[in-house]
Amino acid sequence: CDPVAPSAVTALKELGIEVDVRDDITPDELAEVISDYEGMVVRSRTKVRAALIDKATRMKVIIRGGVGLDNIDVAYAEGKGIKVCNTPKASTNAVAELALGLMFALARRTPYADHSMKAGRWEKKALKGAELADKTLGIIGYGRIGRELGRKARALGMRVIAYDPYITHEDIVPLDELLKQADYISLHVPATPETLNMLDAAAFAKMKEGVYLVQAARGGVVNEQALYEALTSGKVAGAALDVYTEEPPKSTLLQKLIALPQVIATPHIGAATKEAQQRIGDEIVALAKTYLT
């Protein structure tokens, strides 16, 4: 139902699976034809909610190409006997590299420097940045992506601390301690009721003055109104955002947030590398082989 690597489609057909590529299908069109299918592959665009699942009377497996499952009513589907799978390993490095790249961009203000040069300005004296070495990186969510980011950050000479209530690791500290100590904070948690508005006004108040924030997790984990206020007050020196509560972001709040000069905004490109897309395709094929052949 959403774009995947062409090689994955070829491999699925070679397994003897009949494949229809409808990666521009609308919700109404999908609801009309879903009863014909035993498996479906989605990314983040297609929403698989209870009403659609009720129509999927032949469905055996729903494969989400990517990590997050917030666009699928997983418990409801599994209650109907439908297996729900994702591809958690495939995009790990891509998202970790993006988070690290955004940290560099915040520290050295490279997007602003590029924009000012293209506007014909030479603002060398105004563009004094900072170095990542010897800074403390706080990683919220220490699964595959969080740990990979931590590994890369250590190679730069950063001190790494992390918060994750589901993991025991020597890097783990209480959330309040992470908020107090971190010079940079990067989020890598799923969208769940527990993580909704995880970083709110109270959390920002506990952070260091001049902290930098990278949000490449899921929309809703950061309270965007609280972030806007923390940025405009100077509490947060800069933020890099790859995910939003509304995608594409159209609300007045999000437009104001993105327009701030200390904000770097990207359009949910965490897993958008050629290498990650190929790995996602390979994992999709492996899952389809397991459940559809």
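In this predicted model, Ser7, Ala8, Ala11 and Leu12 of helix 1 meet Gln278, Gly281, Val285 and Ala288 of helix 12. Sorted by type, the residues of this contact are 5 nonpolar, 3 polar and no charged.

Two packed helices are described by the angle between their axes and the distance between the axes. Here helix 1 spans residues 6-14 and helix 12 spans residues 274-292; their axes come within 8 Å and cross at roughly 20°. Angles under 35 degrees count as roughly parallel, so helix 1 is roughly parallel to helix 12. The crossing of helix 1 past helix 12 is right-handed.

The largest nonpolar core has 32 residues, and Ile185, Leu199, Phe204, Leu213, Leu227 and Leu257 touch the most other members. Several elements each supply at least two residues of this core, including those in the table.

| Element | Residues |
|---|---|
| Strand 6 | 184-187 |
| Helix 9 | 201-206 |
| Strand 7 | 211-215 |
| Helix 10 | 224-233 |
| Strand 8 | 236-241 |
| Helix 11 | 252-259 |

Helix 10 gives the largest share of this core, 5 residues. Apart from this core lies another, of 23 residues, with Tyr142, Met158, Val214 and Ile264 among them.

Leaving aside neighbours within four places in sequence, Leu213 is in contact with residues including Leu106, Ile185, Leu199, Phe204, Val222 and Leu227.

Helix 8 also supplies at least two residues of the largest core. Leu175 lies in helix 8, which covers residues 175-181. Beyond its neighbours within four places in sequence, Leu175 is in contact with Ile140, Tyr163 and Met198. Leu175 and Ile161 are 14 residues apart in sequence, and their C-alpha atoms are 9.9 Å apart in space.

How values were computed: Residues are numbered from 1 along each chain as its sequence is written. This is a predicted model: local features need pLDDT of at least 70, side-chain atom pairs count only at pLDDT 80 or more; totals for chains, interfaces and linings use all residues. Side-chain values use heavy atoms; hydrogens and water are left out. Helices (H or I, at least four residues) and strands (E, at least two) are DSSP runs, numbered from the N terminus. Contact means heavy atoms within 4.5 Å. A nonpolar core is a set of buried Ala, Val, Leu, Ile, Met, Phe, Trp, Tyr and Cys residues joined through side-chain atoms within 4.5 Å. Buried means under 20% relative accessible area, exposed over 50%, partly exposed in between (1.4 Å probe, protein chains only). Axes are lines fitted to C-alpha atoms, for helices over the stretch in contact, and angles run from 0 to 180 degrees between N-to-C directions. Angles under 35 degrees count as roughly parallel, over 145 as roughly antiparallel, 65 to 115 as roughly perpendicular and the rest as oblique. A crossing is left-handed if the near helix is turned anticlockwise from the far one by less than a right angle, and right-handed if clockwise. Ala, Val, Leu, Ile, Met, Phe, Trp, Tyr, Cys and Pro count as nonpolar, Asp, Glu, Lys and Arg as charged, and the others, Gly among them, as polar.
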